[in-house]
Amino acid sequence: MSSNFTLVDPQGWEWDLQSVYAAYMGHFQYHNIPWYDRTWAPLFESFEKFIEFTWPVIVVTDTWTGRAHIVTKTSSINAFLKMIKTRYGETLPQVESMLRITAFETAQRPLRHVPDWATYKKLHATLPAAALSAYKARVRAGEPQAVQKLWDSKDKAFLAIDFEWSERNAATCLEWGYAAMRCGHLDAAGVWPPVPDKHYRKGHYVVAEYIDKIHNKHFRNFPWEFGDTQVVGKAKFPEIISALISSLASPDSETTANNLVLVAHGINGDLDRLSDLKIKVPNNVLILDTAVFERQLFSTGRRGLMTDANTGKARGHGSTLSLGNMLLSFGVDVQCQLHNAGNDAFLALLGLQLLLDPENTTIPPLRGRSANIAHAHSGMAVAAGVAPNMGFVRVGGMRPVSHSPVGVCITAPAVVAPVPGMVIPIVPDPSRMSYAFAAVGVPSPLGSGSTPSPRERTTSTPGPGGFFEKGSRNSSGSGVANGGAKNSPRKSDPAKLAVQSQTLNGKGGRRSSFNPETMLKKSMDNLAIR
């Protein structure tokens, strides 16, 4: 087989070469043609003799079966029949029982000429590699049939990964998370289908050098909800990832797919980070993007009609769902934060299992847990290799109660604030704050058991800026008093105002004069999380 070749478009190359010979042998048998007595009989003595015609061929894989074939064109078959008529004076018909191949490949393919059996054998030896290459491409493209085959085989290890990196420098990896599902191991143990909560191996690692030094603006770092985060040095980071991949992958091969299937939701960026870290992944590893796979399922009608919950409009053809929206389409109430590498990896693997086997997949509770934060007065301490939540703590949100390192329990809008040394920027309902401050020994700014008054504010009650006196701009903003003089506040004794601004804690039945928002902010300043 010559190394010199030209590239041809695979369109029109549709007949398996060996099936052409087999079809004519079947034709002779069916019509009782004594081919062995004809002058052209040497051409059909064997398949080895048949290919001495020097057939032009290419190698393609069938779209429907995924198997690789050596194929030729209709024009080549016509040229063969014309040669028989010219040389031997007998006409053979076109037969219909040849195997027609629909090529999966669309790019140009190398053209080969097969003059003898030795050349054919060499070309035939490349078929497994061609089939593997096509299968990898089909899985990467999210072809439903190819991906479903992976799941049905029950012998693959699915490894979902996710990196979070600096928004200023993509090569700076801040954290990495994974979730693994060893189907072959589980099936051998008689466990099927996998239960995510029990059978996913999972982990989360952050780079020690970047903790509390690099904070992303658009996609903030959040705590891992499914275990204890491990802090590792930058030098050990690639080594740990490589070891994890090696524990699940089978040897590299040019002809056989790896046991490992690499999974992510939007995987291109994660593959780039693996390359940046110089982490080698076997060439025969299958790569599966859950975003692409879900889009293919929708495009082929396997997900039915879908409506955008925000706009009420039907989902557009070719649109891609985010990880959260994909899970929401299955009715999964995700109450843990996304854009944490460990959370995203776990949810991507769960999403894949739901796409493949929604009826038999057990959805785990996804409220997660508030990870423990090791902290000290002089900064943040790392104990026993457990990361301090990447320097973040969640307050409130969709959970009714969240916990901060100092024991404050507050129900409030979801806010994530960096620590240490930064105040949690929330202004909860003051009526709910007394117990929170009492929990940490801080006097409540509302006084003893006091609550905001439902009465409308007057010139003798505190407004957003404190007390208003006659002649000052009132809470309605009119600014008219003392006979219509505008913006003419009455002069007051500073000492007297100081006495008025003190909280009397209910003594004498007088309401304390304070601005709840201002006092709350000052109290929260005292609760700066360290």
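This is a tour of a predicted model, moving from the whole chain to one sheet, its helices and its aromatic residues.

**Whole chain.** Start with everything displayed. The chain holds 16 helices and 17 strands. Of its 530 residues, 44% count as buried. The accessible surface comes to about 27400 Å², and carbon and sulfur atoms account for 52% of that. Among contacts between residues at least 6 apart in sequence, 69% join residues at least 24 apart.

**Colour by pLDDT.** The chain average is 73, and 65% of the residues score at least 70. Select residues 370-492 next: pLDDT stays under 50 throughout, and the model has 222 contacts beyond four places in sequence for this stretch. Then select residues 526-530, where the pLDDT is also below 50 and the model has 18 contacts beyond near neighbours in sequence. Where pLDDT is low, the predicted coordinates should not be read in detail. Both stretches can be hidden for the stops that follow.

**The six-stranded sheet.** Select strands S6 to S11. They form an open sheet with mixed pairing, in the order S9-S8-S7-S6-S10-S11. At the edges are S9 (230-232) and S11 (286-289), each of which pairs on one side only. From one strand to the next, the twist averages 25°.

Zoom in on S6 (residues 157-165) and S10 (residues 260-264). These two strands run parallel and are joined by four bridges. To find the register, label Ala160, which stands opposite Val263 in S10.

**Helices across the sheet.** Add helix H9, residues 237-248. H9 lies across S6, S7 (173-182), S8 (201-207), S9 and S10, and runs at about 10° to S7. Now add helix H10, residues 268-276, which lies across S6, S7, S10 and S11. The direction of H10 is at about 80° to S6.

**A stacked pair in the sheet.** Show the side chains of Trp176 and Tyr205. Their rings form a stacked aromatic pair, 6.1 Å centre to centre with 25° between the planes. Trp176 lies in S7 and Tyr205 in S8, so the pair ties together parts that are 29 residues apart in sequence. Trp176 is buried, with a relative accessible area of 0%. Tyr205 counts as buried too, at 13% relative accessibility.

**The aromatic cluster.** The count of aromatic pairs comes to 27. For the last stop, select Tyr21, Tyr24, Phe28, Trp40, Phe44, Phe47, Phe50, Phe53, Trp55, Phe80, Trp117 and Tyr120, which form one aromatic cluster.

Conventions:
Residues numbered from 1 in each chain as written. Heavy atoms only, no water. Pairing = 2+ DSSP bridges. Axes fitted to C-alpha atoms, helices over the stretch in contact; angles between N-to-C directions. Contact = heavy atoms within 4.5 Å. Buried < 20%, exposed > 50% of the residue type's maximum accessible area, 1.4 Å probe, protein only. Areas by Shrake-Rupley, 256 points an atom, 1.4 Å probe, with all protein chains shown as cover. pLDDT = per-residue confidence, 0-100. Phe/Tyr/Trp six-rings, centres within 6.5 Å; stacked < 30°, edge-to-face > 60°.
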